[in-house]
Amino acid sequence: MPQDHRPTASVRILLAEDQGMMRSALALLLGMEPDFEVVAQVESGDAIVDAALHSRPDVALLDIELPGRSGLDAAADLRDEAPECRVLILTTFGRPGYLRRAMEAGAAGFLVKDGPVGELAKAIRRVLGGETVIDPALAAAALGAGPCPLTPRERDALNASADGATVADIAVKLSLSESTVRNYLSSAIGKTGTRNRTEAMRAARSQGWL
């Protein structure tokens, strides 16, 4: 049986969303639920853990693409530093790779933002009841997509190659030799079936692998 995470008082919610209008609207709508209380709002991923440790939320609603640190990385941090907090990923980008990474990071749910607020409220209550809540269409897509073929180091190399970084720049950033960086990039290009690292990075991001 799933472990019950329901709080004894009102449900305390942390909201991480970089778009101010969206964050304010979500906070307002969730606050209209009689048993919900939005106790913290942050706009960057690197502020999530500190906010959680300070406000002690029952549930953290995290966007994925945040400044400073992604919501997926922050979910893993919360699993280690605030294990009593249940994480629900709420994102515009319903990509199978993101779903797999969210589950690996310990998230209890994954929903896309185009759903009604009433469904989000139900999902929050369900994860507090110990369930795992996943958008059905995305779950089906993830099952058909297969696992990410890239190794962690190949993903690091692709991520570090953004904004026109040279092989030398990537080597310094990752504390690797230039030849090792070239090998990682070449392998990533081959696995994604692309012609160069720019295309490989674009293809990996479209799948949610980065």
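The following exchange discusses helix H2 and the sheet in a predicted model.

Colleague: Which residues of helix H2 are called buried, and what does that word require?

Modeller: In H2, residues 48-55, the buried residues are Ile48, Val49, Ala51, Ala52 and Ser55. Buried means under 20% relative accessible area, so each of these residues falls below that cut-off.

Colleague: How do you know that they lie on the same side of H2?
Modeller: They cover an arc of only 165° around the axis, which puts them on the same side of H2.

Colleague: What is found on the other side of H2?
Modeller: Asp50 and His54 are exposed there; exposed means over 50% relative accessible area, so both residues exceed that value.

Colleague: Which elements do the buried residues of H2 pack against?
Modeller: They pack against strand E1 (11-16), strand E2 (36-42), strand E3 (59-62) and helix H3 (71-81).

Colleague: What is the order of the strands in the open sheet?
Modeller: The six strands run in the order E2-E1-E3-E4-E5-E6, with parallel pairing. The edge strands are E2 and strand E6 (133-134), as each pairs on one side only.

Colleague: How do you know that E3 and E4 pair?
Modeller: Pairing requires at least two bridges between the strands; E3 and strand E4 (residues 86-91) have four bridges, and therefore pair, in the parallel sense. Alanine 60 stands opposite valine 87 in E4.

Colleague: Which strands does helix H4 touch?
Modeller: Helix H4 (residues 96-104) packs on the sheet, touching E4, strand E5 (109-112) and E6. The direction of H4 makes about 150° with that of E5.

Conventions
Residues are numbered from 1 along each chain as its sequence is written. This is a predicted model: local features need pLDDT of at least 70, side-chain atom pairs count only at pLDDT 80 or more; totals for chains, interfaces and linings use all residues. Side-chain values use heavy atoms; hydrogens and water are left out. Buried means under 20% relative accessible area, exposed over 50%, partly exposed in between (1.4 Å probe, protein chains only). The arc is that of the directions from the helix axis to the C-beta atoms. Contact means heavy atoms within 4.5 Å. Axes are lines fitted to C-alpha atoms, for helices over the stretch in contact, and angles run from 0 to 180 degrees between N-to-C directions.
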